[in-house]
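User: I would like a close look at one part of this model, with the packing around it worked through in a connected way. Please keep to what can be read from the coordinates.

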Amino acid sequence: MHGIIFSELRKYAETKHGKETWNTLLRNAGLASKTCLPVQEYPDAEIVAIIGAASSITGLSVSAVLEDFGEFIALALIKMFGHLLWKTIDVVENTEGTVHSVVRVKNPGAQPPKLKTRRNGPDEVVLVYTSPRQM
């Protein structure tokens, strides 16, 4: 998993539940001394463990944590890559060809999800998300 996801997950946890939450999540995930850099790759098992810890702490399902985090991270991703795109719907439609292709080139071994899109109209895009992580 790309380090930027870990960095944003930390921001999400601290924004939603306070500064100490990230350290608690790491401890509960068995990663107490873990430091993540936004420009590196980390094992998928680590993010899965952190999300599982968040689910346990909050009482939310893993799916609910992932959905809430997805809503949280969307704005940050648009800020990071928005210069390449114009509207949120364009971000969804073009992530595979712009963002994920760059991630794969710059980070050998990176495995971002595969996104297939079909534009149904000016305000509608159908997204098929495929990932071995099943997140």
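Not counting residues up to four places away in sequence, which residues does Val-65 touch? Please go on from there to the helices and the core around that position.

Analyst: The model is a predicted one. Val-65 touches Tyr-12, Ile-51, Ala-54, Ser-55, Thr-58 and Leu-60, once residues up to four places away in sequence are set aside. Val-65 itself lies in helix H4. With a relative accessible area of 2%, Val-65 is buried, because the cut-off for burial is under 20%. One of the contacts, Ile-51, is 14 residues away from Val-65 in sequence, and the two C-alpha atoms are 7.1 Å apart in space.

The helix that carries Val-65 comes next. H4 has 20 residues and spans 27 Å from its first C-alpha to its last, close to the 28 Å expected at 1.5 Å a residue. H4 also has a kink of about 30°, centred on Ile-73. Ile-73 is among the buried residues of H4, together with Val-65, Phe-69 and Ala-76. H1 and H3 are included in what covers these buried residues.

The packing of H3 on H4 can be given by its geometry. The two helices pack at an angle of about 105°, and their axes are 9 Å apart. H3 is therefore roughly perpendicular to H4, since angles of 65 to 115 degrees fall in that class. On the H3 side the contact is made by Ile-51, Ala-54, Ser-55 and Thr-58, and on the H4 side by Val-62, Val-65 and Leu-66. Ile-51, Ala-54, Ser-55 and Thr-58 also appear among the residues that Val-65 touches.

H1 is the other helix named in the cover of H4. H1 has 15 residues and reaches 21 Å from first C-alpha to last, close to the 21 Å expected at 1.5 Å a residue. Just after H1, Gly-18 takes a positive phi of about 105°. The buried residues of H1 are Gly-3, Ile-5, Phe-6, Ser-7, Glu-8, Leu-9, Tyr-12, Ala-13 and Glu-14, and they pack against H2, H3 and H4. Tyr-12, in this list, is also one of the residues in contact with Val-65.

Leu-9 gives a second view of the packing, from H1. At 3% relative accessibility, Leu-9 counts as buried, because that is under 20%. Leaving aside neighbours within four places in sequence, Leu-9 is in contact with Trp-22, Ile-47, Ile-50, Ile-51 and Phe-69. Ile-51 is thus a contact of Leu-9 and also a contact of Val-65. Phe-69, another contact of Leu-9, is one of the buried residues of H4. Leu-9 and Ile-47 are 38 residues apart in sequence, with 9.0 Å between their C-alpha atoms.

The wider setting is the largest nonpolar core, which has 21 residues. Phe-6, Leu-9, Trp-22, Leu-25, Ile-47 and Ile-50 touch the most other members of this core. Helices H1 (3-17), H2 (21-28), H3 (44-58) and H4 (62-81) are the elements that give two or more residues to this core.

A last position sits in the segment before H1: His-2. His-2 counts as buried at 17% relative accessibility, because the cut-off is under 20%. Leaving out residues up to four places away in sequence, His-2 touches Pro-38, Val-39, Gln-40, Glu-41, Val-103 and Asn-107.

Definitions and conventions
Residues numbered from 1 in each chain as written. Predicted model: local features only at pLDDT ≥ 70, side-chain atom pairs only at ≥ 80, totals over all residues. Heavy atoms only, no water. Core = buried A, V, L, I, M, F, W, Y, C linked by side-chain atoms within 4.5 Å. Buried < 20%, exposed > 50% of the residue type's maximum accessible area, 1.4 Å probe, protein only. Helix = DSSP H or I, 4+ residues; strand = E, 2+ residues; numbered from the N terminus. Contact = heavy atoms within 4.5 Å. Expected span 1.5 Å × (residues − 1). Bend = angle between axes of the 7 residues up to and from the residue. Axes fitted to C-alpha atoms, helices over the stretch in contact; angles between N-to-C directions. Parallel < 35°, antiparallel > 145°, perpendicular 65-115°, else oblique.
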